[in-house]
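User: Hi, I'm new to this one and could use a walk through it. Could you show it to me, please?

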Amino acid sequence: MVWPGNTRKIEELVQTHYRSLFAFAYRLSGSVQEAEDLTQDTFCQAQAKLGQLRDWAKARSWLFTILRNGYLHRVRARKIENRVPLEEVGELPERLPAPLPEVDPEKLQLALNELAEEFRTPLILFYFEEFSYREIAEQMEVPLGTIMSRLARAKAYLRSRLLQPGDLALAQDRREGG
Amino acid sequence: MDCMNARLLLLFNRPGCAEIASEDMDSLQDHLEHCAECRSVAHKEKMVDGVLGSALRKVPLPGGLQERIQQRLVLERRPRPWIWLATAASLLLMVGLTVSWYLQPSPTIDAGSITNLRPGSSPESVTAWFRERGLTLAIPPEFDFHYLDSWEVVSLQGQRVPKLLFINQGVVAHVYVISTDQFQYDEELHQRLLNNSLNAVILHHPDNADFFFLVINSGGTLDSFQRRGV
């Protein structure tokens, strides 16, 4: 049962958040179709559970949490898990060309897909610049220190995968060639 | 602030970061003004975060996404006839069952079921009654079946056993007919029963070692149930 007032509220939520939710879903899943399914499912769940949202100011965080839970549910059902030994992550390259080249979107998504979800989610949320560290920690239900640690390692991994001199040269070649 | 702490803060520093205290931010700024190496790292951090963040946020939206979300929400809001039908059918079934339970006539007494209440039945007919229920009855030879009041199948420590109830002149004896397949004969139990005030005894079957009898009587002796000539 959806009350008339709730219909207006859910439409407002869609209008405000569907872009960022889709972007989060896409970076999380790496697939346009799955990202759309996740986004639609998220709003359907939100519509059904709108009464649970006590604090309207936390709507964005609430929606992201629903989406992440939906994604985790799908991943568990498929029994797929990404793992990369983050202990082997290198340091930020000392020599970086200025200005930095654009990052190849395909390589970026591939690198994200290689990360385990517990590292990928804080990284995406960090770069989306929509949530504080504390909010990310609350969404993932882990201590703040854990989020900081995961984020540091995930950032280092992403840099080592995307900003090594070889990769930069490749990205530059592509830009010049294209 | 030393370089190590400055590098750590640089890793998490970003515009509007509420988790780093303002004093720490001031100390970091002081350090960066005096340390060229950390200033270079800070610059690199900012550049790299800028490039990666911009790439990560660049996600093209599929056309018509908002409309498809709205359509799906409208569909979800629609009452689904099969759900209503299923709910209505369940309710009807529950109401029907409840009404039929209340309206069903009280059962009549089955004459066959009261045969075991009829006193003075013969050992043969009682044995046959238990046989129909999958139990073998050994007749306790000391008891006169004229005093047999009723019989039934009871559960004794989880085992189905025949029980005979003898009554004579106000004295009652419950006789449990126990197979040695079900329970071992326990001499110590026999002694313990004799020594306490339960008025319970274990009786052997003189001709059939496969059975024994646990007899609990309401007082007095078992002589009043004695078969003539036993």
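Analyst: Here we'll talk through a sheet, some aromatic rings and some salt bridges.

User: Before we start, what kind of model is this?

Analyst: This is a predicted model.

User: OK, the sheet in chain B. In what order do the strands come?

Analyst: Five strands make up an open sheet in chain B, and the order is β1-β2-β3-β5-β4. The pairing is antiparallel.

User: Which strands sit at the edges?

Analyst: Those are β1 (148-156) and β4 (200-204) of chain B, each of which pairs on one side only. As for twist, neighbouring strands of this sheet are turned by 25 degrees against each other on average, direction ignored.

User: Do tell me what packs on the sheet. Which strands does helix α6 of chain B touch?

Analyst: Helix α6 (residues 123-132) of chain B touches β1 and β2 of chain B, and its direction makes about 25 degrees with that of β1(B). Helix α7 (residues 187-195) of chain B also packs on the sheet, where it touches β4 and β5 (211-217) of chain B. The direction of that helix makes about 140 degrees with that of β4(B).

User: And how many bridges hold β2 and β3 of chain B together?

Analyst: Strand β2 (residues 159-168) and strand β3 (residues 171-179) of chain B pair over six bridges, in the antiparallel sense. One bridge partnership there is B:Asn168 with B:Val171 in β3(B).

User: Switching to rings. How many aromatic pairs are there?

Analyst: Over all chains, the structure holds 12 aromatic pairs. Take B:Phe143 and B:Phe166: their ring centres are 4.7 Å apart and their planes are at 35 degrees, so this pair counts as tilted.

User: Where are those two in the chain?

Analyst: B:Phe143 is in the loop between α6 and β1 of chain B, while B:Phe166 is in strand β2 of chain B. They are 23 residues apart, so the pair links distant parts of the chain.

User: Is B:Phe143 buried or exposed, and what about B:Phe166?

Analyst: B:Phe143 counts as buried because its relative accessibility is 2%. B:Phe166 is buried too, at 0%. Both belong to one aromatic cluster with B:Phe145, B:Tyr147 and B:Phe225.

User: Which charged end sits over the ring of B:Trp129?

Analyst: That's B:Arg133, 3.8 Å from the ring centre. In chain A, the charged end of A:Lys9 sits over the ring of A:Trp56, 6.0 Å from its centre.

User: Now salt bridges. How many are there?

Analyst: There are 13 over all chains. One of them joins B:Arg72 and A:Asp41, with the closest N and O atoms 2.9 Å apart. This pair crosses between chains, from helix α4 (residues 65-77) of chain B to helix α2 (residues 32-48) of chain A.

User: What does B:Asp49 pair with?

Analyst: B:Asp49 meets A:Arg159 in a salt bridge (3.0 Å, N to O). B:Asp49 lies in helix α3 (residues 36-57) of chain B and A:Arg159 in helix α7 (residues 144-162) of chain A, so two chains are joined here. Both residues are buried.

User: Which salt bridge links β1 and β2 of chain B?

Analyst: B:Glu152 in strand β1 and B:Lys163 in strand β2 of chain B, with the closest N and O atoms 3.5 Å apart. B:Glu152 counts as partly exposed at 37% relative accessibility, whereas B:Lys163 counts as buried at 11%.

User: Last one: which residues do shared salt bridge partners join into a network?

Analyst: A:Glu34, A:Asp41, A:Arg74, B:Arg72 and B:Glu76 are joined into one network.

Definitions and conventions. Residues numbered from 1 in each chain as written. Chains lettered and ligands numbered in written order. Predicted model: local features only at pLDDT ≥ 70, side-chain atom pairs only at ≥ 80, totals over all residues. Heavy atoms only, no water. Pairing = 2+ DSSP bridges. Helix = DSSP H or I, 4+ residues; strand = E, 2+ residues; numbered from the N terminus. Axes fitted to C-alpha atoms, helices over the stretch in contact; angles between N-to-C directions. Contact = heavy atoms within 4.5 Å. Phe/Tyr/Trp six-rings, centres within 6.5 Å; stacked < 30°, edge-to-face > 60°. Buried < 20%, exposed > 50% of the residue type's maximum accessible area, 1.4 Å probe, protein only. Lys NZ or Arg CZ within 6 Å of the ring centre and 35° of its normal. Salt bridge = Lys/Arg side-chain N within 4 Å of Asp/Glu carboxyl O.
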